[in-house]
Amino acid sequence: MTDAETAVMPDRTNTSRDHAKRYVRHFLADFAKLDQEYPRTYPRMIVRGEGAYVIDEEGHRILDAGSHLGACQIGHGHPEVADRIHQQVRNIEFIALDAGVSHVYAAALGERLAKMVLCDDPVFSFTNSGSESNELAFKIARQYHRRRGQPGRVKIFSRNGSYHGSTLATSAATGAAPFKEGFGPLPEGFIQGAQPSPGRCGHCGFNDACSLACLDDFERLIMAEGSETVAAVIAEPIAIPQAVKVPPPDYFVRLRKFCDDHGILLIIDEVVCGFGRTGRMFGAEHFGVHGDIVTFAKGLTSGYVPMGAVAVARHVEEVFKNAPLLHLNTYAGHPVACAAAMAVLDIMEREQLVLHSARMEPILRRELQRLQNAVARVRYLSVIGLLSSVIVDISDRPDPDAVIRRVRNIAYDNGLLARVARDGALLSVHFYPPLVVAEQDIVAGVRALEIALRMI
């Protein structure tokens, strides 16, 4: 056991678990119910990570196929990133991009990203998270139209079953009700419409091919609101709330043309899909679509340091040439975050992790299809790269939230951390491990999930 592990090992009479519950707010955890059902078990206390796995205070190794929230690309505990962060702190830990001051680390990162992102001749604004990235994208879109003499273009259209962040504006743009209920009044001007989601869109069944009737509805909704009042459409290449929703190949081609025809900016939200998660560097590459604005975070630093970014195409940035955008973010382009991002990009390129993600897709699909054949409750599964979901019918269970807790608990005890939630009578499990995952890890992880789903 290392000195670092010893330092965080709990005092069994007054444990770190007790301190976590008392002093720290956690997400999606009902500790009152968990303590009743699984006494002295939650929260599960993680002390370190190795590659695709995390290790808890009892020494259990668990495949991290979801608790990283989509941020872990290169795996946990990579020493190269730690060394680069250490060196950066010794050089300079922080300087703001403010009032004519810049630094070489942000410049190098911007130049590198410009060659990768699907956004024409981009300018980058750096942020601390995906929520901040999307929030800024909305401000840029509205200000763009105002400066072009169209101040009435303020509406932001998004899609049902989307997630764009946790600020008030990004909550208003999110198309999943649980993330926005009870926080009103939310900002005005955010409207949701249909998106490709078989079984939920109202047009196609779970196993039907998408007819694009959802896009017809979406376009009609915009026209009914008045396209001249719309600033932007924001869309994830592959949205993940409720299920991993992969659109048909021509969906974004048509959406791009519709936006161009009506003077609407298209914001591509790559916060989850970006940096190899889908088997391409960016999710939009699957569809050949460029965004007027592209937002990302998570995989940019593989979670080692919080960081996000907004790429703005040059034709949008031109309106700010003579009067810069008035926007301040203290830690934008933080030098330590830049160092982490550059290290992560180096590792991804050297280890060919985007290609590896694509190569693991058929293995993940094979294992999930085997699970689907073995568990009668499974209604639908979706896989692209190392991003997948399994949809399970729990309509006959009297306490669906207890089912979620049970699935999480059994999966963990069998060596798996995955994202488990529900949408009405449907339980969803999102399985998206770090891009360094090996075939045997996927096989073991899906078998752990099968054990959990059999116990519903």
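The protein chain in this predicted model carries 14 helices and 14 strands. Its radius of gyration is 22 Å, close to the 23 Å that the globule rule gives for 456 residues, so the chain is as compact as a globular protein of that length. Laid along the principal axes, the C-alpha atoms fill a box of roughly 65 × 55 × 45 Å.

On to what is covered and what isn't. Buried residues account for 54% of the 456 in the chain. The accessible surface adds up to about 19800 Å², with carbon and sulfur atoms contributing 52% of that. If we take contacts between residues at least 6 apart in sequence, 72% of them link residues at least 24 apart. As for charge, there are 49 positive and 53 negative ones, and their mean positions sit 2 Å from each other.

Strand β10, residues 308–312, makes a nice close-up: five of its five residues are buried. In a regular strand, side chains alternate between the two faces of the sheet. For β10, G308, V310 and V312 lie on one side and A309 and A311 on the other, and both faces are covered.

The strand also has partners. β4 (residues 123–127) pairs with β10 in the antiparallel sense, over five bridges, and β9 (residues 293–296) runs antiparallel to β10 too, joined to it by four bridges. V310 turns up in both pairings: S125 stands opposite this residue, and so does T295.

Methods
Residues numbered from 1 in each chain as written. Predicted model: local features only at pLDDT ≥ 70, side-chain atom pairs only at ≥ 80, totals over all residues. Heavy atoms only, no water. Helix = DSSP H or I, 4+ residues; strand = E, 2+ residues; numbered from the N terminus. Rg over C-alpha atoms; globule rule 2.2 N^0.38 Å. Buried < 20%, exposed > 50% of the residue type's maximum accessible area, 1.4 Å probe, protein only. Contact = heavy atoms within 4.5 Å. Areas by Shrake-Rupley, 256 points an atom, 1.4 Å probe, with all protein chains shown as cover. Lys, Arg positive; Asp, Glu negative; His and termini not counted. Charge placed at Lys NZ, Arg CZ, Asp CG, Glu CD. Pairing = 2+ DSSP bridges.
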